[in-house]
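Trainee: Got a minute to go through this one with me? I'd like to talk it over piece by piece.

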Amino acid sequence: MKVLELAPYLWCPEVPGGSRNVSGLAYMVRDIADGIGERADVAVLTQSYFVNAEKRVGSFKMAKRTRQGLVRRMSPTYLKAGLDYAKFDGGDANRRLRLLAYFSGGSYAERVIRDILPDVAHVHTMSGYTLPFLMACRRMNVPCVVTLHGLVSLDREATQVSDAEARLERLLMEESDKNGLPVTMIASGMKERMGAVCGSDLPNVCVVGNFCGRAFEEESRRRRSEGNITPGGRRRVLCVGSLGKRKNQRMAIEAIGLVKGHDVELRIAGDGPERGFLEKLALFRGADVRFLGQIDHGRLVEEYVRADLLVMPSLSEGFGLPVLEAYWYGVPAVAFSDQDAFADLYDRDCMVGVGERSVEALVAGLEEALGRTWVREAIFKKAQEFSSRCASASYAEVLAAGGAVPSEEFLGACVSPDGRMLDGRR
């Protein structure tokens, strides 16, 4: 089976510019491509950097993508679609230019499809940046599967996306129901929430959970601490994520400052626009908080090895990968029960769930977790349900079942609010 992975970006330090992409999505796409590449012939095309010649990376091939090739194959069809979408999106000048740049690469994606002749294309995320990939699949009659790594349309207070971007996910669900386009989501809560909004049980949507990657898993087996986690002594509570409103570290700081009966230090790994505010909040509340900044992988591993507990107070999470990372090191977690992957990740031997979104409820959850004895082996066993091998096998199974060619009506509705067809007809 030949698979073409299509993504805005992925983490790939083996090619020039490929190490700039350090987001969770970038790492996840890389791991998925590597995993599927062990079961199929996989090529990857992104829109974030250039590759002068096809290059073998891990278990997949990076498709050739050059500036000259993009310019030579620039198509009025994609440029017009890009202009329509950028106008509807209503972003600033920089956003519009980026959208046009992404759309202009659509005809190059056609060329890659023509060269590779994939059995199925795997498109990561549903956004203005990946619409050109779906257009290329339509024009080249290639079936595709779409993976949603989050739901921007249902978390708009946190994601702050435009009306145009938000409606794409709803249109995708309609296309999935009407024309059988397969979609995967990374958490059962995502499917439940979207199904409730759409009034459908989403029969062509399946859940394939996130995973940490084989290298991470193997390292955790070597490095994780032995023995149980017991109450008493100085406790290290870890919080991992960019410092922004969506990750909600402010509530974790408020709660840590109110925890009683335990000597607790909150260690926050990550950086972002909220750091100054959070530092002042910690000082004001008298909370014992250590801001670690943006740390590299080696330092993060050390934090997991030495942690007694992980707290994830996020306002929204597509999956909440830090919880799973902590599990691989036998570290329990405290998280709010309304997060999308809560039902997938929850186990009473691994996590304390907090039902009410309040500082007081989070304090109670932290105090319960800090007062318990946790068996690392039970937590590590839970982590193995989300191993890279299990996830890769699930993705390979979905792709092997075949995709669906996106319909003209679907793409026309995505690009323009009046539902114009891509060739201009109505």
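**Cavities, sheets and helix contacts**

Mentor: Sure, and keep in mind that this is a predicted model. Let's begin inside: the second largest cavity is lined by C239, V240, K247, L310, V311, M312, P313, S314, E317 and P322.

Trainee: Which elements give two or more residues to that lining?

Mentor: Those are β9 and β12. β12 gives the most to the lining of this second largest cavity, with three residues.

Trainee: And how does the lining of the second largest cavity split by class?

Mentor: Seven of its residues are nonpolar, one is polar and two are charged.

Trainee: What volume does the second largest cavity have?

Mentor: About 50 Å³.

Trainee: How many cavities of 30 Å³ or more does a search of the whole structure find?

Mentor: Four.

Trainee: OK, β9 and β12 came up. What's the strand order in the open sheet of six strands?

Mentor: The order is β11-β10-β9-β12-β13-β14, and the pairing is parallel. β11 (289-293) and β14 (351-354) are the edge strands, each pairing on one side only. From one strand to the next, the twist averages 25 degrees.

Trainee: How many bridges join β9 to β10?

Mentor: Seven bridges link β9 (residues 234-240) with β10 (residues 263-269), and the two strands run parallel. If you want a spot to look at, R235 stands opposite V264 in β10.

Trainee: Which strands does helix α13 touch when it packs on that sheet?

Mentor: Helix α13 (residues 297-306) touches β9, β10, β11 and β12 (309-312), and its direction makes about 135 degrees with that of β9. Then there's helix α14 (residues 321-328), which lies across β9, β12, β13 (333-336) and β14. α14 runs at about 170 degrees to β12.

Trainee: Switching sheets: what's the order in the one with eight strands?

Mentor: That's an open sheet too, ordered β3-β4-β2-β1-β5-β6-β7-β8, and its pairing is mixed.

Trainee: Which strands stand at the edges there?

Mentor: β3 (55-57) and β8 (205-207). Each has a single partner strand, so one side of each is left without a neighbour in the sheet. Ignoring direction, neighbouring strands of this sheet are turned by 25 degrees against each other on average.

Trainee: In which sense do β6 and β7 pair?

Mentor: Parallel, over three bridges, with β6 at residues 144-148 and β7 at residues 183-185. Within that pair, T147 stands opposite T184 in β7.

Trainee: Which strands does helix α1 touch on this sheet?

Mentor: Helix α1 (residues 24-37) packs against β1 (2-7), β2 (41-46), β3, β4 (60-62) and β5 (120-124). The direction of α1 makes about 180 degrees with that of β1.

Trainee: At roughly what angle do the axes of α1 and α18 cross?

Mentor: Roughly 70 degrees, with the axes coming within 9 Å; α18 covers residues 388-400. That makes α1 roughly perpendicular to α18, because angles of 65 to 115 degrees count as roughly perpendicular.

Trainee: Which residues meet there, α1 to α18?

Mentor: I32, G35 and I36 in α1 meet S392, Y395 and L399 in α18. By class, that contact has four nonpolar, two polar and no charged residues.

Trainee: And α3 with α8, how do their axes sit?

Mentor: The axes of α3 (residues 76-89) and α8 (residues 163-179) come within 7 Å and cross at roughly 110 degrees. So α3 is roughly perpendicular to α8. On the α3 side the contact is made by Y85, F88 and D89, and on the α8 side by A164, E165, R167 and L168.

Trainee: How do the residues of the contact of α3 with α8 divide by class?

Mentor: Four are nonpolar, none is polar and three are charged.

Trainee: Last topic, pockets. What lines the second largest pocket?

Mentor: E54, A63, K64, T66, G69, R72, R73, Y108, R111, V112, D115 and I116. They divide into four nonpolar, two polar and six charged residues.

Trainee: Which element supplies the largest share of that lining?

Mentor: α5, with five residues. α2 (67-72) and α5 (106-116) each supply at least two residues of the lining. As for space, about 220 Å³ lies in this second largest pocket.

Terms used. Residues are numbered from 1 along each chain as its sequence is written. This is a predicted model: local features need pLDDT of at least 70, side-chain atom pairs count only at pLDDT 80 or more; totals for chains, interfaces and linings use all residues. Side-chain values use heavy atoms; hydrogens and water are left out. Axes are lines fitted to C-alpha atoms, for helices over the stretch in contact, and angles run from 0 to 180 degrees between N-to-C directions. Helices (H or I, at least four residues) and strands (E, at least two) are DSSP runs, numbered from the N terminus. Angles under 35 degrees count as roughly parallel, over 145 as roughly antiparallel, 65 to 115 as roughly perpendicular and the rest as oblique. Contact means heavy atoms within 4.5 Å. Ala, Val, Leu, Ile, Met, Phe, Trp, Tyr, Cys and Pro count as nonpolar, Asp, Glu, Lys and Arg as charged, and the others, Gly among them, as polar. On a 1 Å grid over the protein atoms alone, a cavity is a set of points where a 1.4 Å probe fits but cannot get out, and a pocket is an open set with protein on both sides within 12 Å along at least five of seven lines; lining residues have an atom within 4 Å of a point. Grid points are joined across faces, edges and corners, and a volume is the space filled by probe spheres set on the points. Two strands pair if DSSP finds at least two bridges between them.
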